[in-house]
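Q: Please take a close look at a single part of this protein. Keep it brisk.

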Amino acid sequence: MAQGMGGFMSLTGTPDGEPTRGGVPIADIFTGVYAVVGVLAALVERQKTGRGTLVDAALVDSQVGVLANQALNYLVSGNVPAPGQ
């Protein structure tokens, strides 16, 4: 679901076909990576201040972040990203 809501599925498949789910769970993997970075930053904060920190990670947010290059391409060129580009 996160692949579709985050825009990844609009980039997969064939240009004339339906959007398809990617074979690799990109949203899941990157959410884990971002969560680890957040936990490490929270540990540093705790070491410096003695206080805890909230770490929040969401699949769709991570998926959108990973596709930042596609958003930049659209903002620069005006071309909507599509499969096969």
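What covers the buried residues of H2?

A: The cover of the buried residues of H2 includes H1 and helix H3 (59-66). This is a predicted model, so a word on confidence belongs at the start.

The mean pLDDT of the protein is 90. Of its residues, 99% reach 70 or more. Among the elements, H2 has the highest mean pLDDT, at 96. Helix H1 (residues 2-5), part of the cover, has the lowest, at 85. As a general caution, predicted coordinates should not be read in detail where pLDDT is low.

Now the helix itself. H2 runs over residues 26-49 and holds 24 residues. At 1.5 Å a residue, H2 should span 34 Å. The C-alpha atoms at its ends are 34 Å apart, which agrees with that expectation. After H2 comes Gly-50. The phi of Gly-50 is positive, near 80°.

Next, the buried positions. In H2 these are Ile-26, Ala-27, Thr-31 and Ala-42. Buried here means under 20% relative accessible area.

H2 also carries two ring residues, Phe-30 and Tyr-34. Phe-30 has 31% relative accessibility, so Phe-30 counts as partly exposed. Tyr-34 is partly exposed too, with a relative accessible area of 38%. The two residues are four apart in H2, which means about one helical turn separates them. The structure holds one aromatic pair. In this pair, the ring centres of Phe-30 and Tyr-34 lie 6.2 Å apart, and the ring planes meet at 50°, so the pair is tilted. The cut-offs explain the label: under 30 degrees would count as stacked, and over 60 as edge-to-face.

Between H2 and H3 there is a loop, and Ala-58 sits in that loop. Ala-58 has 28% relative accessibility, so Ala-58 counts as partly exposed. Its C-alpha atom is 23 Å from that of Pro-81. Along the chain, Ala-58 and Pro-81 are 23 residues apart.

Pro-81 leads on to the largest pocket, since Pro-81 is one of its lining residues. The volume of this pocket is about 200 Å³. Its lining also includes Gly-6, Gly-7, Val-64, Leu-67 and Tyr-74. Helix H4 (residues 68-77) gives the largest share of the lining, four residues.

To recap the part you asked about: H2 has four named buried residues, Ile-26, Ala-27, Thr-31 and Ala-42. Their cover includes H1 and H3. The tilted pair of Phe-30 and Tyr-34 lies in H2.

Methods
Residues are numbered from 1 along each chain as its sequence is written. This is a predicted model: local features need pLDDT of at least 70, side-chain atom pairs count only at pLDDT 80 or more; totals for chains, interfaces and linings use all residues. Side-chain values use heavy atoms; hydrogens and water are left out. Rings of Phe, Tyr and Trp (its six-membered ring) pair if their centres lie within 6.5 Å; planes under 30 degrees apart count as stacked, over 60 as edge-to-face and the rest as tilted. Buried means under 20% relative accessible area, exposed over 50%, partly exposed in between (1.4 Å probe, protein chains only). pLDDT is the predictor's confidence in each residue, from 0 to 100. The expected span of a helix is 1.5 Å times one less than its number of residues. Contact means heavy atoms within 4.5 Å. On a 1 Å grid over the protein atoms alone, a cavity is a set of points where a 1.4 Å probe fits but cannot get out, and a pocket is an open set with protein on both sides within 12 Å along at least five of seven lines; lining residues have an atom within 4 Å of a point. Grid points are joined across faces, edges and corners, and a volume is the space filled by probe spheres set on the points.
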